[in-house]
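Trainee: I should like to request a close look at one part of this assembly. Please take the arrangement of its chains as the subject.

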Amino acid sequence: MNLIDWVILVARVALPAMILPAIVIPLVWYERRVAAFIQDRPGPNRVGPFGLLQSPADILKLFMKEEVIPSQSDRFLFYLAPGLAVFSALATFAVIPYGGTLTIAGKDVPLLGADISIGVLYVFAMTSLSVYALVLAGWSSNNKFSLMGGIRSSAQLISYELAMTTAAGGVILSAGSFKLADIIAAQQGTWLGFIPRWNVFPQILGFLIFFIATFAETNRLPFDLPEAEAELVAGYHTEYSAMHFGSFFLAEYVNVIVSSALTATLYLGGWSLPGFHPHGVLGVLLSLLVFAAKTGFLVSVFVWVRWTLPRFRYDQLMALGWKVFLPLALVNLFWAAALEMWKAAR
Amino acid sequence: MIGKIPLADVLVVSAALFAIGLAGALLRRTAIVIFLSIELMMNAANLALLGYGAALGTVDGQIAVFFVIAIAAAEASVGLAIFVALFRHTETIDVNKINLLKW
Amino acid sequence: MERIVFDAAATIALVFAALMVLSRNPVKSVLALVVSFFFLAVIYVLLFAPFIAAIQVIVYAGAILVLFLFVLMLLNIRHEGSGKDPRPIQRIVGGGAILVFTIVLVALLSKHGTPPGLPPASEAAAPHIGDVARAVYSDFLLPFEALSVLLLAALVGAFVLVSKEHRP
């Protein structure tokens, strides 16, 4: 592998890892302005034009605050948990294609981190690792509320992981492959000339289950009892201050972006539009914009739901995950299998 | 040879992991660590199975490991349930102290 | 390149497995084992089994060991109870036996473990994830269905063992 190959490889992997945290900064501003709009108040509008500098100011404050560490806490685990949260959030993005195929120096460079044969399974593997970050944060804080928050959170995560993976099973079935690039390729073309062949249309139930399960996976309202701001102080990140808390905050928003990107790829056709074949740099830029638009739309839904719906109680949350979403996801799997058999029989 | 890795190396790693697990299972007194050592021994066996499966080019190695992992999950849940039930009665995790047939 | 990754992953897996056995704190043991299993999954990828590697991380490291951690935290087990070892002879003899066993096993496997006359395996000829699925649903269908019954039995059994008895 010569120098060009190395540079391309590093860029494919490192660029999203660097850009994702950078996107979080305007995302926080966006969330606060939308929250304010829904709650009929101005929102941040003093620091910079339209309050745009509020987020950088907050980041600066977090960096400069004093870090308070509880004296009886398990030091190593206390430091490890936020890092693990950020790591699993960023690592998940490695297999999501964020654009078409670029041709650099005679080589086809697909715009994704790594095109491995178990694409979607890798995403679920990294999501499983994020459970540890929450559990360790709750445990190492040596605090009843943090422990309860940590255990609730991890129980919620592993319950909704089941519904999420079974719903995604329907998509994998219809695409015939685990690779995300193949799943996008299977969503090309249109029905009746104008409805794109996105998976959301035949598998609307699967889409709803998957999307709602990602709310639970990212600990966002209405499933955010583990960090319930009014009930458990701050749940598993009660004892974290300054940049430790900033890391959890960053990890949560990166998880939101990655979950939206994953939903867009699995159900909304990723970076592709019907009848659009990206050629050259301009085409690839356009595919990037399409991907960003779809992801941005889903992120807006995340923000919208957060400030609209009240929180689920913990037993309601678990009952919903096991008794409603898992059976419905299985029904969706059967439905997807029936569709495949009908397609094969035609 | 599996790619650039000789099969003997994979087997040696598997044997070393098995030995560490065996040492943990026989020499430690905490029930949880004994249980974890048993899981480690199962993983050592998985590694050996996959090594042979890859060297022979068959799918049987992966199938065997698939079943082993699922069965290990079932066994871990029942084992931990036993552990919880035991701990509730005896309040200790030292296996040397759990030496009565009925209490 | 694969050689370096294999050596590094194997060393880290062994080191953390040893840490698991030697640690006094059960929580640290579980976490050391998580790291060890993760690097075992890396080795599985090198052995052309990416599906099993993903299953290892999702099921073993991501669910079974989380279950261990839950049990430890719910029962609030922070550190192993200290106490004198009542039978040190057990440790000495046991340790010696394990040492002998390891030496014999490693020697045997490195000399005679590999079947002779085997062609080198390549990634292209390795079984694909589709082949695994096809085999599970055709040749190994009965064990697969039996496995689902086993999981149901384990679920019910665990529940029965842990639920408190209601004495009339």
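Trainee: How far apart do the closest C-alpha atoms of chain A and chain B lie, and what contact, if any, joins these chains?

Mentor: The model is a predicted one, and the account below should be read accordingly. The closest C-alpha atoms of chain A and chain B are 14 Å apart, and no contact joins these two chains. Two pairs of chains do touch, and of these the pair formed by chains B and C has the most contacts. There, 62 residues of chain B meet 73 residues of chain C. On the chain B side, helix H1 (7-27), helix H2 (31-56) and helix H3 (60-90) each contribute at least two residues to the face that touches chain C. H3(B) supplies the largest share of that face, with 21 residues. Sorted by class, the chain B side comprises 47 nonpolar, twelve polar and three charged residues.

Chain A, which has no contact with chain B, may be described on its own terms. Its secondary structure consists of ten helices and four strands, arranged along the sequence as α-α-α-β-β-α-α-α-β-β-α-α-α-α. The C-alpha trace extends over about 65 × 50 × 45 Å along the principal axes. The radius of gyration of chain A is 21 Å, which agrees with a compact globule, because one of 346 residues would have a value near 20 Å. Of the 346 residues in chain A, 44% are buried. Among the contacts in chain A between residues at least 6 apart in sequence, 77% join residues at least 24 apart.

Methods
Residues are numbered from 1 along each chain as its sequence is written. Chains are lettered from A and ligands numbered from 1 in the order in which they are written. This is a predicted model: local features need pLDDT of at least 70, side-chain atom pairs count only at pLDDT 80 or more; totals for chains, interfaces and linings use all residues. Two residues are in contact if their C-beta atoms, placed from the backbone, lie within 7 Å. Ala, Val, Leu, Ile, Met, Phe, Trp, Tyr, Cys and Pro count as nonpolar, Asp, Glu, Lys and Arg as charged, and the others, Gly among them, as polar. The radius of gyration is taken over C-alpha atoms; the globule rule is 2.2 Å times the number of residues to the power 0.38. A residue is buried if 20 or more other C-beta atoms lie within 10 Å of its own, exposed if 12 or fewer, and partly exposed in between; C-beta atoms are placed from the backbone.
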